[in-house]
Amino acid sequence: MTSQTTVDKTGPADEAPATASGPAPAKGLRGHPWYTLITVAVGVMMVALDGTIVAIANPAIQKDLGATFADVQWITNGYFLALAVTLITAGKLGDRFGHRQTFLIGVVGFAAASGAIGLSDSIAFVVVFRVLQGLFGALLMPAALGLLRATFPAEKLNMAIGIWGMVIGASTAGGPILGGVLVEHVSWQSVFFINVPVGILAVVLGAVILTDHRAANAPRSFDLLGIGLLSGAMFCLVWALIKAPEWGWGDVLTWSFLGISVLGFAVFAYWENRVREPLIPLGLFRSVALSAGVVLMVLMAIAFMGGLFFVTFYLQNVHGMSPIDAGLHLLPLTGMMIVGSPLAGAMISKTGPRVPLAGGMALTAIAMFGVSTLETDTGSGLMSIWFAMLGLGLAPVMVGATEVIVGNAPMELSGVAGGLQQAAMQIGGSLGTAVLGAVMASKVDTDLAGNWADAGLPKLSPEQLDQAAEAVQVGAPPVAPGTPDAVAAKITEVAHDTFISGMSLASLVAAAVAVVAVFVAFLTKRGANAEAGAGVGHI
């Protein structure tokens with residue numbers, strides 16, 4: 001296998017050249033693999049944390065700034081859209097200009113946008129700066145993977161990705177806990193201000209430690225039409241998934257955006273086969289392992305994020321927990337991801353990805369089946385078993401699928417591969433929330449009227465029933481002010497039982513998706529180009 005020749009744009013001139021067996025030993029801090037990992041982990045932590053921490057702050061933002069519910073939705077949707085649509089393009093920027101520069105710009109921009117949100121006095125400014133957060137976060141995430149790929153020798157890359165995945169998992173799951181503490185004891189602004197010192201730390205570490213490795217055959221031009229086509233297609237896809245619960249899956253708008261998205265991807269594929277330096281060389285997908293890794297990441301995110309979406313409502317609205325208590329109940333999941341990710345990295349290095357990935361998805365399927373058995377009175381102990389099993393199952397998938405995607409891509413496309421990995425996860429999460437949300441809505445619509453009548457409650461008009469169903473879909477009992485306690489108790493029981501039946505069906509669908517992913521996992525293999533990263537050194 002031929003290793004890629006790269007040039008270090010920032011390292012000392014007197015360092016030894018790289019060999020095919022691994023990078024030249026780093027002298028001091030700059031370019032040191034493990035210090036590089038610490039640096040990118042600090043930056044990635046901001047983006048992962050922001051994906052969940054802000055949800056806790058939304059009610060306080062709405063109250064303080066007098067925002068509507070639609071405005072608050074845009075706080076999340078604007079960030080997610082900007083992040084998902086630009087990830088692959090941002091990865092290409094890193095391949096072209098160097099991942100070090102792209103990472104540092106992403107960190108500075110993300111921290112600055114965070115600070116600006118904290119200083120905002122209107123919901124419009126909050127939304128605008130959230131979009132900027134998403135754009136800069138998209139620069140940062142693929143660059144982090146590109147830096148790890150270039151810095152670590154092949155035999156240690158899985159361990160590095162394992163720790164990287166651990167940081168993402170812990171930050172994502174820890175967001176509600178930290179957000180609850182900050183909102184409750186400081187202010188909603190502190191949720192954003194906390195990114196400023198973290199960003200400063202990441203920039204200082206990056207300036208001192210990170211080395212810019214670039215492949216000699218890195219892209220030299222930009223496929224502007226390809227960027228436009230891909231961004232438009234991604235936007236229409238993600239927008240349709242975001243709005244489908246509101247518009248309805250049978251609505252013409254939903255299918256119009258999905259149709260435009262499919263057309264956009266088709267035109268994009270046609271163009272990519274004809275441009276001299278495409279945004280994504282479609283030959284990349286001739287690798288069955290890489291394609292399987294992308295599909296596996298989508299399926300994992302559908303099962304995980306879609307299923308977890310309802311678990312948070314279950315803990316807070318059915319069991320009546322505060323956001324902090326709900327976050328603490330998810331600690332078994334977080335803890336197993338923290339413990340399991342580095343172990344998974346070591347296991348994959350020894351055995352290859354197939355068995356750990358298949359085993360991880362099988363464990364995820366069992367865990368989601370367990371979640372489908374939860375009842376209104378299920379104790380914390382049993383919940384913890386299923387949550388811990390879910391975290392233990394997800395850890396090898398987060399690590400292994402990432403290595404399969406990045407390791408099977410040429411070194412000069414490591415940024416694009418990192419963007420693919422992140423985009424697959426974002427789209428899978430959105431698809432999981434939308435599809436499982438539709439399953440939940442359908443089950444609630446089917447069961448609520450009958451359960452309501454069986455409980456002997458006053459008959460509801462079609463409009464009242466629709467309003468009640470919207471509340472029940474998130475586990476909230478539709479109890480009107482002034483309702484007698486006995487009637488309120490019956491309504492609560494009906495709402496929770498109906499929600500549980502919907503969550504059970506949605507969890508079973510998530511488990512079925514995880515079973516499909518088990519078979520996809522057997523199509524993966526160790527990165528064919530993993531050694532390319534080991535050949536990157538200081539010349």
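**View 1. H329 and the residues it touches.** Setting aside neighbours within four places in sequence, H329 is in contact with L315, M321, S380, M383 and F387. This is a predicted model, so read every view here as a prediction. As for where the histidine sits, H329 belongs to helix 11, which covers residues 323-329. Take L315 from that contact list: H329 and L315 are 14 residues apart along the sequence, and their C-alpha atoms lie 8.2 Å apart in space.

**View 2. Helix 3 packed with helix 7.** Here we zoom in on helix 3 (residues 99-119) and helix 7 (residues 195-209), whose axes are 8 Å apart and make an angle of about 160°. Angles over 145 degrees count as roughly antiparallel, so that is what helix 3 is with respect to helix 7. Their crossing is left-handed. On the helix 3 side, look for R100, L104, V107, V108, F110, A111, S114 and G115; they meet N195, V196, G199, A202, V203, G206 and A207 from helix 7. Sorted by class, this contact of helix 3 with helix 7 comes out as nine nonpolar, five polar and one charged residues.

**View 3. Helix 8 packed with helix 9.** Next up is the pairing of helix 8 and helix 9, with an angle of about 160° and 8 Å between the axes. That angle makes helix 8 roughly antiparallel to helix 9. The crossing of helix 8 and helix 9 is left-handed. Helix 8 brings L225, G226, L229, L230, A233, M234, C236, L237, W239, A240, A244 and W247 to the contact, while helix 9 brings L253, T254, F257, L258, I260, S261, G264, F265, V267, F268, W271 and E272. Split by class, the contact of helix 8 with helix 9 holds 19 nonpolar, four polar and one charged residues.

**View 4. The second largest pocket.** This pocket holds about 290 Å³ of space. It is lined by 15 residues, and those closest to its centre are I88, M234, V294, L420 and I427. M234 also turns up in the helix 8 contact with helix 9. Which helices supply at least two lining residues each? They are helix 8 (224-247), helix 9 (252-272), helix 10 (288-318) and helix 15 (414-454). Helix 15 gives the most, with four residues. As for chemistry, the lining of the second largest pocket has 15 nonpolar residues, no polar ones and no charged ones.

**View 5. Helix 13 packed with helix 17.** The last close-up takes in helix 13 (residues 354-372) and helix 17 (residues 485-521), packed at an angle of about 170° with their axes 8 Å apart. Helix 13 and helix 17 are therefore roughly antiparallel to each other. From helix 13, the contact uses R354, L357, A358, M361, A362, T364, A365, M368, F369, V371 and S372. From helix 17 come M503, S504, S507, L508, A510, A511, A514, V515, A517, V518 and A521. By class, the contact of helix 13 with helix 17 divides into 17 nonpolar, four polar and one charged.

Methods: Residues numbered from 1 in each chain as written. Predicted model: local features only at pLDDT ≥ 70, side-chain atom pairs only at ≥ 80, totals over all residues. Heavy atoms only, no water. Axes fitted to C-alpha atoms, helices over the stretch in contact; angles between N-to-C directions. Parallel < 35°, antiparallel > 145°, perpendicular 65-115°, else oblique. Left-handed = near helix turned anticlockwise from the far one by under 90°. Contact = heavy atoms within 4.5 Å. Nonpolar A, V, L, I, M, F, W, Y, C, P; charged D, E, K, R; others polar. 1 Å grid on protein atoms, 1.4 Å probe; cavity = no way out; pocket = protein on both sides within 12 Å on 5 of 7 lines; lining within 4 Å. Points joined across faces, edges and corners; volume = space filled by probe spheres on them.
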